[in-house]
Amino acid sequence: MCPYRLVLEHVTSRWGVLVLIELLERSYRFSELRRAIGRVSEKMLTQTLQALERDGLVHRDAKPVIPPRVDYSLTDLGREAAEQVRGLALWTERRMGEVEKARAAYDARKSGAE
């Protein structure tokens with residue numbers, strides 16, 4: 001697999017997109033981020049954050065306090081990627097009506113052909 005495809009997979013994964021967009025607003029603690037995203041398991045969020053951190057998109061700041069405090073934020077590279085992802089998300093939101101029409105037309109053609 002080409003290296004850039006793996007990064008693209010991390011950035012455009014179901015949870016990667018949501019993590020990046022959410023972190024555009026501000027830094028989050030793990031539990032805050034999980035609540036903000038919603039319906040993501042602890043395991044999946046951990047794996048997503050680790051992949052994005054490894055790719056240099058997310059910064060993990062572990063503070064040596066009790067109880068431990070870990071904050072997640074975007075790096076400059078991550079902010080750039082997140083802006084691109086957010087642009088795609090906004091385009092999808094704006095064009096959803098046209099997508100729904102296209103789906104209905106496709107489904108009508110398919111059900112008429114059978």
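Helices (H or I, at least four residues) and strands (E, at least two) are DSSP runs, numbered from the N terminus. One such strand is E2, where Asp61 lies. Welcome to this predicted model, in which local features need pLDDT of at least 70 and side-chain atom pairs count only at pLDDT 80 or more, while totals for chains, interfaces and linings use all residues. Residues are numbered from 1 along each chain as its sequence is written, and side-chain values use heavy atoms, with hydrogens and water left out.

**The nonpolar core**

- The largest nonpolar core (a set of buried Ala, Val, Leu, Ile, Met, Phe, Trp, Tyr and Cys residues joined through side-chain atoms within 4.5 Å) has 22 residues.
- Here, buried means under 20% relative accessible area, exposed means over 50%, and partly exposed lies in between, with a 1.4 Å probe and protein chains only.
- Val19, Leu23, Leu33, Leu45 and Leu49 have the most contacts inside this core.
- Two or more residues come from each of H2, helix H3 (30-37), helix H4 (42-54), E3 and H5, and H2 gives the most, with 5 residues.
- In soluble globular proteins, nonpolar side chains tend to be buried together.
- Leaving aside neighbours within four places in sequence, Leu23 is in contact (heavy atoms within 4.5 Å) with Tyr28, Leu33, Val58, Tyr72, Ser73, Leu74 and Arg79.

**Helix H3 and what follows**

- Phe30, Leu33 and Ile37 are the buried residues of H3.
- Seen down the axis of H3, these buried residues fall within an arc of 65°, so they line one face of the helix; the arc is that of the directions from the helix axis to the C-beta atoms.
- The cover over the buried residues of H3 includes H2, strand E1 (28-29), H4 and E3.
- Gly38 follows H3 and has a positive phi, near 80°.
- Arg39, in the loop between H3 and H4, also has a positive phi, of about 55°, although it is not a glycine.
- Arg39 is exposed, with a relative accessible area of 76%.

**Helix H5**

- Helix H5 (residues 76-113) has a kink of about 60°, centred on Arg95; the bend at a residue is the angle between axes fitted to the seven residues ending there and the seven starting there.
- Gly78, Ala81, Ala82 and Val85 are the buried residues of H5.
- Among the elements covering them are helix H1 (3-12), helix H2 (14-25) and strand E3 (69-74).

**Thr48 and Asp61**

- Thr48, in helix H4, counts as buried at 8% relative accessibility.
- Not counting residues up to four places away in sequence, Thr48 touches Trp15, Gly16 and Val19.
- Asp61 counts as partly exposed, at 28% relative accessibility.
- With residues up to four places away in sequence not counted, Asp61 touches Arg69, Val70 and Asp71.
- Asp61 and Arg26 are 35 residues apart in sequence and 13 Å apart in space, C-alpha to C-alpha.

**Rings and an unusual peptide bond**

- The charged end of Arg26 sits over the ring of Tyr28, 3.9 Å from its centre; this term asks for NZ of Lys or CZ of Arg within 6 Å of the ring centre and within 35 degrees of the ring normal.
- Most peptide bonds are trans.
- The bond from Ile66 to Pro67 is cis, with omega near -5°.
- Pro67 is found in the loop between strand E2 (58-63) and E3.
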